[in-house]
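Hello,

Here is the structure I promised to pass on to you. Please have a look at it first, and then read my notes underneath.

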Amino acid sequence: MATAIPIQTSSLSQRKSKRPLWRALLFLAPAVIVMMIFYFGPVLWTFYISFTNVALTGPTATHYQFTGLRNFQLMFGSGSFWQAVLISLWYFIGSALIGQTVLGLLLALLMQRANPVVRAAVGAVVIAAWVIPEIVKAFTWFAFLSQNGTLNTVLQSMGIANPPAWLFTQPLLAVIIANTWAGTAFSMMVYSAALSSVPNELIEAAKMDGATFWQVLFRIVLPVIKNSIMTNTILITLQTLGDFTLIYAMTGGGPGTQTSVLPVFMYQQAFSFYQLGYGSAISLILLLMGIIASLLYIRLLNVDL
C-alpha cells in the first residue's frame, strides 16, 4: 500500500493537467468550425475550381471538368494578364508604399510636433476619409474629378477654359490619389501609436551628441518602430492588392484597360466573360502575391515573430 500512493497521485495529477486542454479545445471548437466553413471553405473551393473549366452559365456551369493547369497556362500566356499585373504594381507602389506608408509616417511625425488644436483638426479630417464607406469614397472622387466635376468647375472659374477630363487623361493617377487619401489615416494612427513608444531619452541623447533630424529618424526612431512598420505595410499591401470597389466605381477598369488591376481583371473574366475557373486562378495569383510580399517585408525588416 505504501508504494501504491505515489502512483495514484501521479495518475491524478496527469488527469488534472489534461482537463484544461480538453476544455479549451471544447470551447474553441465552435469558432474553429465556423472558420473552417466560412473562411477556409471558400478558399479551398476556389483552389479546386481554379483547376476546372467551370463557367457561370452554359453547359460547363453544371457539367464542368478537371482541366489541370490549363487555366494557369492560359493566364501566363495572356498579354492582358501581364498588363493587369503591371498596372497592379504601379497602383500598389503609388498608393500603398509611397502614398499611404510615407504620407502616413510623415503625418504622424508632424502631428507629434503640432499643437493640440491643429492635431485635433488634422486628425479629424484624415480619419473622416478613412471611416467613409468605400462606395461613397469612390463617388466623392468621381464627382470631384469628372469632366464637369468640382475640380474642373474651380479651374474654369479661375480662367482655365478647357481643363482636362482627369478620369480619361490620368485615370491611374486618379485612383492612386483616391486610395492614398482613403487609406492614409490608418497608417497615421498606427505610426502615431508606435512613435509614442519611442523613448525620449534616446532622442534627447542623440540630439545632445549632435545627431541631425534624419539621423535620429533612420538610426533610432525607425528601428524602434519596425514591428509597427511591418504590421502596417502588410495590412495596407493586402488591402491594396485586393482593392476593387474604389477603382471599379470610379473608372470601371478603363478607359480601355488603363486601370484594370488584377481584382478588376479577375472580376471581368469571372462575371463578364463567365469563366469562373479562370477567374479563380487569377485570385490564387493575387493570394500568392500577398503572401510573397508579406514574407519579403518580414525578411527586409528583420523582424522576430
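Below is what I found, going from the overall fold to single residues.

Please keep in mind that this is a predicted model. The protein chain has 14 helices and 0 strands. Its radius of gyration is 26 Å, well over the 19 Å that the globule rule gives for 305 residues, so the chain is more spread out than a compact globule. Along the principal axes, the C-alpha atoms fill a box of roughly 105 × 75 × 30 Å. Of the 305 residues, 37% are buried. Among contacts between residues at least 6 apart in sequence, 69% join residues at least 24 apart. The accessible surface comes to about 18500 Å², and 71% of it belongs to carbon and sulfur atoms.

Now to the interior. The largest nonpolar core has 21 residues, and those with the most contacts inside it include Leu-105, Met-188, Tyr-191 and Val-221. Two or more residues of this core come from each of helix H3 (79-113), helix H8 (171-195), helix H9 (200-208) and helix H10 (213-224). Leaving out residues up to four places away in sequence, Val-221 touches Leu-195, Val-198, Ile-203 and Val-216. There is also a second, separate core of 16 residues, with Leu-145, Leu-172, Ala-178 and Met-250 among them.

Thr-251 may interest you as well. This residue sits in helix H12 (residues 245-251) and counts as buried, at 17% relative accessibility. Its side chain makes a polar contact of 2.7 Å with the side chain of Thr-259. Apart from neighbours within four places in sequence, Thr-251 is in contact with Leu-167, Val-175 and Thr-259.

Finally, the aromatic rings. The structure holds 16 aromatic pairs. One of them, Trp-45 with Tyr-48, is tilted, at 5.6 Å centre to centre and 40° between the planes. These two residues are 3 apart in helix H1 (residues 4-49), so about one helical turn separates them. Trp-45 is partly exposed at 47% relative accessibility, and Tyr-48 is partly exposed at 37%. For Trp-141 and Phe-144, the ring centres are 5.7 Å apart and the planes are at 85°; because an angle over 60 degrees counts as edge-to-face, that is how this pair is classed. Trp-141 and Phe-144 are likewise 3 residues apart, in helix H5 (residues 134-145). Here Trp-141 is buried at 12%, whereas Phe-144 is partly exposed at 31%. In addition, Phe-47, Phe-51, Phe-66 and Phe-72 form one aromatic cluster.

Best wishes

Methods. Residues numbered from 1 in each chain as written. Predicted model: local features only at pLDDT ≥ 70, side-chain atom pairs only at ≥ 80, totals over all residues. Heavy atoms only, no water. Core = buried A, V, L, I, M, F, W, Y, C linked by side-chain atoms within 4.5 Å. Buried < 20%, exposed > 50% of the residue type's maximum accessible area, 1.4 Å probe, protein only. Helix = DSSP H or I, 4+ residues; strand = E, 2+ residues; numbered from the N terminus. Contact = heavy atoms within 4.5 Å. Polar contact = N/O pair within 3.5 Å; in protein donor to acceptor, adjacent residues only side chain to side chain. Rg over C-alpha atoms; globule rule 2.2 N^0.38 Å. Areas by Shrake-Rupley, 256 points an atom, 1.4 Å probe, with all protein chains shown as cover. Phe/Tyr/Trp six-rings, centres within 6.5 Å; stacked < 30°, edge-to-face > 60°.
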